Amino acid sequence: MRIVLSGTAASRGMALGRARLVKPSKLNVDNRPLEDDEVEAEIERLHDAIETARAELVELREKLHGALARDVGEFIDAHSLLLEDPELVHGLDDMIRKGHYRASAALKMQADRLGKVFEAMDDPYLRSRREDIDQVIGRVMSVLSRQTSQEERKLAARVGEILIADTIAPGDMAHLAGHGLLGIVAAGGSVYSHSAILARSLNLPMLVATSDALGTISDEDLVLVDAEAGEVVIHPTAQDLTRYRNWQREAAREGRRLAALAKEPTRTRDNVDIRLFANAEQSPDVAQARALGASGIGLYRTEFLFLRSKGLPSEDEQFHAYRDLVLGMGGLPCTIRTLDLGADKADNAGIALREEENPALGVRGVRLSLRHPAVFASQLRAILRAASYGPIRILVPMITTPDELGAVRSLLQICANDLRDAGHTLSELPEVGAMVEVPAAAIGIHTLLEDADFFAIGTNDLAQYVLAADRNNDALGTLYDPLQPALLRLIARVISVGRRAGKPVSLCGEMAGDPLLTPLLLALGLTDFSMHPGQMLEVRDRIGQLERARLRKLSPQLLRARSSQEVAALLDSFNPDLKLQ
Ligand code: PEP
Ligand code: MG
């Protein structure tokens, strides 16, 4: 009989396969009290098991190669470190010695105690770290109860199978994915878990919080994981299978197109290399950016961290998010933009002013950050700590004058000194760049050269400030138009002044991702584009059809145009297949 269970999609897609249940090893707790003369031997048994578990993790790490090693190695290291954590481990000796608990019972009590501490946390990210504790303790338990070989057999062959488990450790997932695992249904877990992040980057459909999974699904059941709909279908019907095959055909078609283009370099018809960076807010964007061959992250908007939580996110929460970003990009540069709250992005934490007469011209972006040095410092410290895991650049929004950049640099230096004093090993300070989205910054771009290592043109805001046209006000009709000559002049100026000074200039407003505007931006001299990853392939396609040298010759005429209609006409005549308006 067809049964449907719902869960939460942690990694999208569909998968059809045979169920393989892995029951949590915490079922093997031995509650009989120890005799006096058994105590020391039990402590030794526990320490041996911890040592074996640690050795297994080391072995697992060594088996991973390439991108997987990079993505998963750090999670495995985190688990190894937990096995050395005095809070987790040393309390156990006491429990065995004083309470006469067996090692398995002591481990279970310790897991439950720490679990409660984590569950009481408000922050969903930190709460999800409970999974790490459970996985590490589960590993030690399985060594102790000598269930390892049976469980390992279960974990060995995975071709055509869907794993049904309570949770799964990232290291095990990486191993299984390499052996043909098709999908995962976790009874517990959260979309913030390391495993969920990894499943997304491995393109492995995964459901979490599918609470009845272990009680309802049996080994060898045919199951359809539909992470698009957030459900798992046990004993799927012919109709389900048709739906799955349709999805599979569509995914294969899209996959072929993407795969072909994702591996292609981004190059114009006259062989000029162009770099496509991704704008990202959350981990799925990062996974997509990497899969589609982005040159790095050109704009990581950090506001989402502040918008989703009730209070201010802690330094650690931010650090984890930034570190996940850097690890996700596997060594490619990641540009993290400091907080851009204010105006249309009011926060839940209440630091953005609410009573401003004219918020778009008010205390937003770097102006707000500099008014809250403690909040800003916690963000800069989190970024500095994450920078030990890969190349990070810091991008500052709403820069108007050079002294704002100077103030950011001073605070960054103080944060770095504090962290070093506290024993952190930091790599060299990240580069600091300015968003160019305020007309004063674009007109006065030469005044920022000394303080900025790079520039990112934010045309969404630059257009609204140059044209005095609210970007969110539909009543202004076509006034808010990226083809307005005044805006084009500023873009061209920033690109050419930056290039002459040897400072990289990218453009990360919505314009960059519109394939109809690609010839225009090439004509103005842009070589670094940053856009939502979903737009990258189309833009790459478009770039491949265009000749940069011919477009560059059009630039003086574009800049002399008197209206956006004239700009559109010029581009039309140059590229007759293009219809701009
Ligand atoms: C911009 O202003 O162009 C930009 C990229 O930033 P945001 O859209 O986040 O203001
Ligand atoms: Mg902006």
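Here is a chat about the helices, loops and backbone angles of a predicted model.

Biologist: Hi! What am I looking at, and how many helices and strands does the protein have?

Modeller: The protein has 25 helices and 16 strands, where helices (H or I, at least four residues) and strands (E, at least two) are DSSP runs numbered from the N terminus. This is a predicted model, where local features need pLDDT of at least 70 and side-chain atom pairs count only at pLDDT 80 or more, while totals for chains, interfaces and linings use all residues. Residues are numbered from 1 along each chain as its sequence is written, chains are lettered from A and ligands numbered from 1 in the order in which they are written, and side-chain values use heavy atoms, with hydrogens and water left out.

Biologist: What share of the residues is buried?

Modeller: Of the 581 residues, 53% are buried. Buried means under 20% relative accessible area, exposed over 50%, and partly exposed in between (1.4 Å probe, protein chains only).

Biologist: And which helix should I look at for burial?

Modeller: Try helix 20: seven of its eight residues are buried, so it is largely enclosed by the rest of the structure. Those buried residues are T459, N460, D461, L462, A463, Q464 and Y465.

Biologist: What covers them?

Modeller: The cover includes strand 10 (297-301), strand 13 (431-436), helix 18 (439-443), strand 14 (454-457), helix 21 and strand 15 (505-507). After helix 20 comes A468, with a positive phi near 50°.

Biologist: Where does A469 sit, then?

Modeller: A469 is in the loop between helix 20 (459-466) and helix 21 (485-501). It counts as buried because its relative accessibility is 1%. Beyond its neighbours within four places in sequence, A469 is in contact (heavy atoms within 4.5 Å) with Q464, L476, L479 and Y480. The C-alpha atoms of A469 and L479 are 6.9 Å apart, with their positions ten residues apart along the chain.

Biologist: Back to phi. Why bother with a positive value?

Modeller: Most residues other than glycine have a negative phi. A209 has a positive phi of about 55° and is not a glycine; M398, also not a glycine, has a phi near 60°.

Biologist: Are those two buried or partly exposed?

Modeller: A209, in the loop between strand 6 (206-208) and helix 10 (213-216), is partly exposed at 36% relative accessibility. M398, in the loop between strand 12 (392-396) and helix 17, is buried, with a relative accessible area of 1%.

Biologist: Helix 17, okay. At what angle does helix 16 cross it?

Modeller: Roughly 65°, with the axes of helix 16 (residues 373-386) and helix 17 (residues 402-421) coming within 9 Å. Axes are lines fitted to C-alpha atoms, for helices over the stretch in contact, and angles run from 0 to 180 degrees between N-to-C directions.

Biologist: Which residues meet there?

Modeller: From helix 16, P373, F376, A377, L380, R381, L384 and R385 meet V408, L411, L412, C415, A416, D418 and L419 of helix 17. By class, that contact has eleven nonpolar, no polar and three charged residues (Ala, Val, Leu, Ile, Met, Phe, Trp, Tyr, Cys and Pro count as nonpolar, Asp, Glu, Lys and Arg as charged, and the others, Gly among them, as polar).

Biologist: Last one: where does helix 24 bend?

Modeller: Helix 24 bends by about 35° at L554, and a proline, P556, follows within four residues. The bend is the angle between axes fitted to the seven residues ending at a residue and the seven starting there. Among the buried residues of helix 24 are L551, L554 and L558.
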